[in-house]
Amino acid sequence: MIHRKSRSELALMREAGLVVAAALKACREAVEPGMTTRDLDAVAEGVIRGAGAAPSFLGYHGYPATLCVSVNDEVVHGIPGGRVIEDGDVVSIDCGAIVGGFHGDAAVTVCVGAVPEDVRRMVDACEESLRRGLAAVRDGARLSDIGAAVEGYLRPLGYGIVEEYTGHGIGRALHEDPAVPNVAPKGPGRGTRLQPGIVLAIEPMVTLGTALTYTLDDEWTVVTQDGMPAAHFEHTIAVTDEGPRVLTAE
(Lines give C-alpha, C1' and ligand atoms only; values in the text may rest on other atoms or scores of the structure.)
Protein backbone atom coordinates (compact mmCIF):
# COMPACT_ATOMS: atom_id res chain seq x y z
CA MET A 1 0.00 0.00 0.00
CA ILE A 2 1.29 3.45 -0.93
CA HIS A 3 0.86 6.08 1.77
CA ARG A 4 0.35 9.61 0.48
CA LYS A 5 1.59 12.31 2.84
CA SER A 6 -0.26 15.41 4.00
CA ARG A 7 1.27 18.88 3.88
CA SER A 8 2.13 18.70 7.58
CA GLU A 9 3.77 15.31 7.12
CA LEU A 10 5.75 16.58 4.14
CA ALA A 11 6.93 19.48 6.30
CA LEU A 12 8.32 17.03 8.85
CA MET A 13 9.97 15.04 6.07
CA ARG A 14 11.60 18.22 4.80
CA GLU A 15 12.99 18.82 8.30
CA ALA A 16 14.36 15.27 8.33
CA GLY A 17 15.76 15.80 4.84
CA LEU A 18 17.59 18.94 5.89
CA VAL A 19 19.19 17.06 8.79
CA VAL A 20 20.35 14.36 6.37
CA ALA A 21 21.72 17.01 4.01
CA ALA A 22 23.66 18.63 6.86
CA ALA A 23 25.08 15.30 8.00
CA LEU A 24 26.19 14.36 4.49
CA LYS A 25 27.76 17.79 3.97
CA ALA A 26 29.72 17.37 7.20
CA CYS A 27 30.87 13.92 6.11
CA ARG A 28 31.95 15.16 2.67
CA GLU A 29 33.99 17.90 4.31
CA ALA A 30 35.49 15.56 6.91
CA VAL A 31 36.43 12.51 4.86
CA GLU A 32 40.17 12.23 4.29
CA PRO A 33 42.92 9.63 4.17
CA GLY A 34 43.80 8.26 7.59
CA MET A 35 40.38 8.46 9.19
CA THR A 36 38.33 5.34 9.81
CA THR A 37 34.83 4.68 8.58
CA ARG A 38 33.82 4.67 12.26
CA ASP A 39 35.15 8.24 12.53
CA LEU A 40 32.88 9.22 9.65
CA ASP A 41 29.94 7.57 11.38
CA ALA A 42 30.61 9.66 14.49
CA VAL A 43 30.56 12.86 12.41
CA ALA A 44 27.10 12.05 11.06
CA GLU A 45 25.69 10.96 14.40
CA GLY A 46 26.90 14.19 15.99
CA VAL A 47 25.09 16.29 13.39
CA ILE A 48 21.89 14.26 13.61
CA ARG A 49 21.75 14.20 17.42
CA GLY A 50 22.74 17.86 17.56
CA ALA A 51 19.71 18.72 15.44
CA GLY A 52 17.41 16.89 17.83
CA ALA A 53 16.79 14.11 15.31
CA ALA A 54 17.47 10.38 15.48
CA PRO A 55 19.43 8.16 13.06
CA SER A 56 17.18 6.11 10.79
CA PHE A 57 19.60 3.22 10.33
CA LEU A 58 20.83 2.60 13.88
CA GLY A 59 19.02 -0.51 15.13
CA TYR A 60 17.09 -0.97 11.87
CA HIS A 61 16.73 -4.77 11.60
CA GLY A 62 19.72 -4.88 13.94
CA TYR A 63 21.97 -2.58 11.88
CA PRO A 64 24.70 -1.33 14.25
CA ALA A 65 25.56 2.16 12.99
CA THR A 66 24.27 5.59 11.97
CA LEU A 67 25.68 5.48 8.42
CA CYS A 68 26.26 2.92 5.73
CA VAL A 69 29.84 3.57 4.55
CA SER A 70 30.80 1.53 1.49
CA VAL A 71 34.36 1.73 0.15
CA ASN A 72 35.55 0.88 -3.39
CA ASP A 73 33.98 -2.48 -4.37
CA GLU A 74 31.41 -2.20 -1.57
CA VAL A 75 28.17 -1.13 -3.24
CA VAL A 76 25.91 -0.48 -0.27
CA HIS A 77 25.30 -1.28 3.43
CA GLY A 78 28.96 -1.19 4.46
CA ILE A 79 29.20 -1.19 8.27
CA PRO A 80 31.43 1.55 9.73
CA GLY A 81 34.34 0.24 11.75
CA GLY A 82 38.11 0.23 11.91
CA ARG A 83 38.74 0.36 8.16
CA VAL A 84 41.11 3.22 7.36
CA ILE A 85 40.17 5.37 4.36
CA GLU A 86 43.09 5.71 1.97
CA ASP A 87 44.08 8.10 -0.79
CA GLY A 88 42.41 6.91 -3.99
CA ASP A 89 39.39 5.36 -2.28
CA VAL A 90 35.83 5.86 -3.45
CA VAL A 91 33.55 6.21 -0.40
CA SER A 92 29.77 5.94 -0.60
CA ILE A 93 27.96 7.46 2.38
CA ASP A 94 24.28 6.63 2.98
CA CYS A 95 22.44 8.51 5.74
CA GLY A 96 18.94 8.64 7.20
CA ALA A 97 17.35 10.73 9.95
CA ILE A 98 14.01 10.81 11.75
CA VAL A 99 12.13 13.98 12.73
CA GLY A 100 8.64 13.79 14.24
CA GLY A 101 8.35 10.13 13.28
CA PHE A 102 9.21 10.68 9.60
CA HIS A 103 12.36 9.72 7.72
CA GLY A 104 14.69 11.38 5.25
CA ASP A 105 17.21 9.31 3.28
CA ALA A 106 20.04 10.29 0.93
CA ALA A 107 23.48 9.12 -0.20
CA VAL A 108 26.58 10.51 -1.88
CA THR A 109 29.80 9.03 -3.20
CA VAL A 110 33.04 10.89 -2.53
CA CYS A 111 36.34 10.49 -4.40
CA VAL A 112 39.18 10.73 -1.86
CA GLY A 113 42.44 12.04 -3.26
CA ALA A 114 43.97 10.59 -6.43
CA VAL A 115 41.11 8.48 -7.77
CA PRO A 116 41.65 7.13 -11.32
CA GLU A 117 39.87 9.11 -14.02
CA ASP A 118 37.74 6.18 -15.22
CA VAL A 119 36.45 5.71 -11.67
CA ARG A 120 35.71 9.43 -11.33
CA ARG A 121 33.74 9.31 -14.57
CA MET A 122 31.71 6.38 -13.24
CA VAL A 123 30.95 8.30 -10.03
CA ASP A 124 29.90 11.36 -12.04
CA ALA A 125 27.68 9.21 -14.26
CA CYS A 126 25.94 7.73 -11.23
CA GLU A 127 25.22 11.21 -9.88
CA GLU A 128 23.93 12.36 -13.27
CA SER A 129 21.66 9.29 -13.49
CA LEU A 130 20.13 10.31 -10.16
CA ARG A 131 19.47 13.81 -11.54
CA ARG A 132 17.70 12.28 -14.51
CA GLY A 133 15.65 9.98 -12.32
CA LEU A 134 14.59 12.93 -10.17
CA ALA A 135 13.67 14.92 -13.30
CA ALA A 136 11.26 12.15 -14.30
CA VAL A 137 9.20 12.66 -11.12
CA ARG A 138 6.05 14.74 -11.60
CA ASP A 139 2.33 14.55 -11.02
CA GLY A 140 0.84 12.09 -13.52
CA ALA A 141 4.11 10.37 -14.42
CA ARG A 142 4.46 6.62 -14.06
CA LEU A 143 6.85 4.80 -11.76
CA SER A 144 8.74 3.17 -14.64
CA ASP A 145 9.55 6.62 -16.05
CA ILE A 146 12.15 6.92 -13.29
CA GLY A 147 13.92 3.65 -14.08
CA ALA A 148 13.73 4.41 -17.80
CA ALA A 149 15.47 7.75 -17.24
CA VAL A 150 18.23 6.21 -15.10
CA GLU A 151 18.79 3.21 -17.32
CA GLY A 152 18.49 5.20 -20.54
CA TYR A 153 21.39 7.39 -19.47
CA LEU A 154 23.65 4.68 -18.02
CA ARG A 155 23.28 1.80 -20.50
CA PRO A 156 25.01 3.52 -23.44
CA LEU A 157 27.95 4.37 -21.17
CA GLY A 158 28.55 0.69 -20.45
CA TYR A 159 28.35 0.83 -16.66
CA GLY A 160 26.80 -1.90 -14.56
CA ILE A 161 23.42 -1.03 -13.04
CA VAL A 162 22.76 -2.95 -9.83
CA GLU A 163 19.22 -4.29 -10.12
CA GLU A 164 18.90 -6.33 -6.90
CA TYR A 165 18.64 -3.16 -4.82
CA THR A 166 16.13 -0.44 -5.58
CA GLY A 167 14.82 2.86 -4.36
CA HIS A 168 11.68 2.88 -2.27
CA GLY A 169 8.78 4.76 -0.84
CA ILE A 170 9.53 6.49 2.45
CA GLY A 171 7.61 8.15 5.27
CA ARG A 172 6.82 6.90 8.75
CA ALA A 173 8.78 3.80 7.74
CA LEU A 174 12.24 3.97 6.21
CA HIS A 175 11.17 1.59 3.47
CA GLU A 176 7.60 1.74 2.17
CA ASP A 177 5.87 0.81 -1.07
CA PRO A 178 6.54 1.19 -3.91
CA ALA A 179 9.92 -0.22 -4.87
CA VAL A 180 11.65 2.16 -7.31
CA PRO A 181 13.78 0.15 -9.78
CA ASN A 182 16.69 1.78 -11.58
CA VAL A 183 15.80 -0.04 -14.79
CA ALA A 184 12.65 -0.28 -16.89
CA PRO A 185 12.81 -3.42 -19.05
CA LYS A 186 9.41 -2.70 -20.59
CA GLY A 187 10.05 1.01 -21.00
CA PRO A 188 8.46 4.14 -19.51
CA GLY A 189 4.76 4.75 -18.95
CA ARG A 190 4.13 1.74 -16.70
CA GLY A 191 3.40 1.11 -13.05
CA THR A 192 2.03 3.35 -10.32
CA ARG A 193 0.83 6.79 -11.37
CA LEU A 194 2.59 9.45 -9.31
CA GLN A 195 0.31 11.81 -7.40
CA PRO A 196 0.75 14.59 -4.85
CA GLY A 197 1.71 13.16 -1.45
CA ILE A 198 3.80 10.31 -2.84
CA VAL A 199 7.36 10.40 -1.55
CA LEU A 200 10.15 8.31 -3.05
CA ALA A 201 13.81 7.66 -2.35
CA ILE A 202 15.57 7.25 -5.71
CA GLU A 203 19.00 5.63 -5.48
CA PRO A 204 20.95 4.35 -8.47
CA MET A 205 23.93 2.08 -7.74
CA VAL A 206 26.47 1.84 -10.54
CA THR A 207 29.59 -0.28 -11.05
CA LEU A 208 32.66 0.01 -13.24
CA GLY A 209 32.44 -3.68 -14.09
CA THR A 210 29.80 -6.34 -13.59
CA ALA A 211 26.53 -5.43 -11.92
CA LEU A 212 26.53 -8.78 -10.11
CA THR A 213 26.98 -8.61 -6.34
CA TYR A 214 27.15 -10.76 -3.25
CA THR A 215 26.77 -10.12 0.49
CA LEU A 216 29.67 -10.56 2.92
CA ASP A 217 29.55 -12.74 6.02
CA ASP A 218 28.48 -9.74 8.13
CA GLU A 219 25.10 -10.18 6.35
CA TRP A 220 25.00 -6.49 5.41
CA THR A 221 27.86 -5.37 3.17
CA VAL A 222 27.11 -5.82 -0.54
CA VAL A 223 30.17 -6.01 -2.84
CA THR A 224 30.73 -6.41 -6.57
CA GLN A 225 31.53 -9.94 -7.70
CA ASP A 226 34.51 -8.81 -9.78
CA GLY A 227 35.98 -6.47 -7.17
CA MET A 228 35.50 -3.38 -9.33
CA PRO A 229 34.48 -0.09 -7.66
CA ALA A 230 30.90 1.13 -7.33
CA ALA A 231 29.05 4.38 -6.70
CA HIS A 232 25.74 5.19 -4.99
CA PHE A 233 23.72 8.40 -4.96
CA GLU A 234 20.27 8.99 -3.44
CA HIS A 235 17.72 11.71 -2.74
CA THR A 236 14.26 11.73 -1.22
CA ILE A 237 11.74 13.50 -3.46
CA ALA A 238 8.07 14.37 -2.94
CA VAL A 239 5.33 14.91 -5.50
CA THR A 240 3.40 18.01 -4.40
CA ASP A 241 0.62 20.20 -5.77
CA GLU A 242 3.31 22.78 -6.56
CA GLY A 243 5.52 20.27 -8.36
CA PRO A 244 8.28 17.85 -7.33
CA ARG A 245 10.41 18.80 -4.33
CA VAL A 246 13.72 17.19 -3.35
CA LEU A 247 13.42 16.96 0.42
CA THR A 248 17.07 16.05 1.08
CA ALA A 249 18.61 18.89 -0.94
CA GLU A 250 20.54 21.50 1.03
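**Exercise 1. How many bridges pair strand 11 and strand 12, and in which sense do the two strands run?**

Solution. The model worked through here is predicted. Begin with the pair itself: strand 11 and strand 12 are joined over three bridges, and the sense of the pairing is antiparallel. Next, find a residue that marks the register, which Thr215 provides, since its bridge partner in strand 12 is Val222. Then place the pair in its sheet, an open one of three strands in the order 3-12-11 with antiparallel pairing. The edges of this sheet are strand 3 (74–76) and strand 11, each of which pairs on one side only. Finally, consider the twist: with direction ignored, neighbouring strands of this sheet are turned by 40° against each other on average.

**Exercise 2. Determine which aromatic pair the structure holds, and classify its geometry.**

Solution. A search of the whole structure finds one aromatic pair. The partners are Tyr63 and Trp220, whose ring centres lie 4.9 Å apart and whose planes meet at 80°; planes over 60 degrees apart count as edge-to-face, so the pair belongs to that class. To see what the pair connects, locate each ring: Tyr63 sits in the loop between strand 1 (54–55) and strand 2 (67–71), while Trp220 sits in the loop between strand 11 (213–215) and strand 12 (222–224), so the contact ties together parts that are 157 residues apart in sequence. As a last step, decide whether Tyr63 is buried or exposed. Its relative accessibility is 3%, and because buried means under 20%, Tyr63 counts as buried.

**Exercise 3. Describe the surroundings of strand 4 by listing its pairing partners and its burial.**

Solution. Take the burial first: strand 4 (residues 90–99) is mostly covered, with nine of its 10 residues buried. Now go through the partners one by one.

- Strand 1 runs antiparallel to strand 4 and is joined to it by two bridges; here Pro55 has Ala97 of strand 4 as its bridge partner.
- Strand 2 pairs with strand 4 over five bridges, again in the antiparallel sense, and Val71 stands opposite Val91 of strand 4.
- Strand 5 (residues 102–111) is joined to strand 4 by 10 bridges, and these two strands run antiparallel; Val90 stands opposite Cys111 of strand 5.

The connection completes the description, for strand 4 and strand 5 form a hairpin with two residues between them, and Gly100 in the turn has a positive phi of about 60°. When side chains are followed along such elements, it helps to recall that in a regular strand they alternate between the two faces of the sheet.

**Exercise 4. Which strands does helix 3 lie across, and what sheet do they belong to?**

Solution. Start with the helix: helix 3 (residues 117–135) has 19 residues and spans 27 Å from its first C-alpha to its last, close to the 27 Å expected at 1.5 Å a residue. Its buried residues include Val119, Met122, Val123, Leu130 and Leu134, and among them are also Cys126, Glu128 and Ser129. Helix 3 lies across strand 10 and strand 13, and runs at about 30° to strand 13. These strands belong to an open sheet of three strands in the order 6-10-13, with antiparallel pairing. Strand 6 (160–161) and strand 13 (230–232) are its edge strands, each pairing on one side only. Within the sheet, strand 10 (residues 205–207) and strand 13 pair over three bridges in the antiparallel sense, with Met205 opposite His232 of strand 13.

**Exercise 5. Place Ala44 in its environment, and then set it against the protein as a whole.**

Solution. Ala44 belongs to helix 2 (residues 37–50). Its relative accessible area is 0%, so Ala44 is buried. Leaving aside residues up to four places away in sequence, Ala44 touches Ala23, Cys27, Thr66 and Leu67. Ala44 and Ile93, which are 49 residues apart in sequence, have C-alpha atoms 9.8 Å apart in space. Turning to the whole, 53% of the 250 residues count as buried. Of the contacts with a separation of 6 or more, 70% come from residues 24 or more positions apart. The radius of gyration of the protein is 17 Å, which agrees with the value near 18 Å for a compact globule with 250 residues. The secondary structure comprises four helices and 15 strands.

Notes: Residues are numbered from 1 along each chain as its sequence is written. Side-chain values use heavy atoms; hydrogens and water are left out. Rings of Phe, Tyr and Trp (its six-membered ring) pair if their centres lie within 6.5 Å; planes under 30 degrees apart count as stacked, over 60 as edge-to-face and the rest as tilted. Buried means under 20% relative accessible area, exposed over 50%, partly exposed in between (1.4 Å probe, protein chains only). The expected span of a helix is 1.5 Å times one less than its number of residues. Two strands pair if DSSP finds at least two bridges between them. Contact means heavy atoms within 4.5 Å. Axes are lines fitted to C-alpha atoms, for helices over the stretch in contact, and angles run from 0 to 180 degrees between N-to-C directions. The radius of gyration is taken over C-alpha atoms; the globule rule is 2.2 Å times the number of residues to the power 0.38.
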